[in-house]
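Trainee: Please take one part of this structure and go through it closely. I would like the terms explained as they come up.

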Amino acid sequence: EGWGFNKDAVVATGNMFTFAGGYAGYVQAFVFKKSEMLAAQPLTVTKFIDEGTFTIQVAKMDDKTSPYVFGCSLDGSAGSSAIRVYAWRNFNTTPEMVYTSVSVPDFNFIGTPPSAGGAFLASLSGRLVDATYRTGSLLTCHTTRAATGNTRSQVSWYDFKPGSWPASGSPTLFQSGDVALPGDNWAFIPGIHKNSLGDISMIFS
């Protein structure tokens, strides 16, 4: 579900389905050291499990000096009012995964967008679908229920400032917003990025 990297490592995440009592399970994260890849050595894979969420998006790290790889997911313990911020670190020794919860404006989920001929499209149940990090901003986004109309979806985005976390302090929500189309039009499955000038852009269906 997620894939990202920095100067030292590649981090990948995947949903583990239980196929019993519902489809949701937990998430595994895998850390691969770049030094082993570049030396064509057998890879040492470090695995982590988070049973409190589903779908961790690993950030595309545009900071060439950061010792961390960041990521985001919905906080399964906080309903629809928080997002978990992750950091993977210590890649040259024993890799670690840490996370904390950051409050965000309340959001609600919505079902599947309609398509031609009575078919439906996937909105991934409101799970986060993209993440990126650049110049101190950790950005992520997902599909939520539109505040007006209430029978269609919008896309919601968040800009977190990790600051010195995870070494010290805590990440904070700097800004957030929603994009809803007029009329009965649905907006869903967004992607997000930030350029070198600080401009934030999104694309979506």
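Mentor: What follows starts from a single residue and then turns to the core and a surface patch.

This is a predicted model, in which local features need pLDDT of at least 70 and side-chain atom pairs count only at pLDDT 80 or more, while totals for chains, interfaces and linings use all residues. Residues are numbered from 1 along each chain as its sequence is written, and side-chain values use heavy atoms, without hydrogens and water.

T143 lies in strand β11, residues 137–145 (a strand is a DSSP run of E, at least two residues, and a helix is a run of H or I, at least four, both numbered from the N terminus). T143 counts as buried because its relative accessibility is 2% (buried is under 20% relative accessible area, exposed over 50%, partly exposed in between, with a 1.4 Å probe and protein chains only). The T143 side chain comes to 3.0 Å from the backbone nitrogen of I189. Leaving out residues up to four places away in sequence, T143 touches F109, S123, G126, S153, Q154, A187, F188, I189 and P190 (contact is heavy atoms within 4.5 Å).

Next, the core. The largest nonpolar core has 32 residues, and F70, I83, W88, L138 and F160 touch the most other members (such a core is a set of buried Ala, Val, Leu, Ile, Met, Phe, Trp, Tyr and Cys residues joined through side-chain atoms within 4.5 Å). Elements giving two or more residues to this core include β7 (69–74), β8 (82–89) and β12 (153–161). The most comes from β8, with five residues.

Last, M37 belongs to helix α1, residues 34–38, and is partly exposed at 36% relative accessible area.

Note on methods: A polar contact is a pair of N or O atoms within 3.5 Å; within protein, one must be able to donate a hydrogen and the other to accept it, and residues adjacent in sequence count only if both atoms are side-chain atoms.
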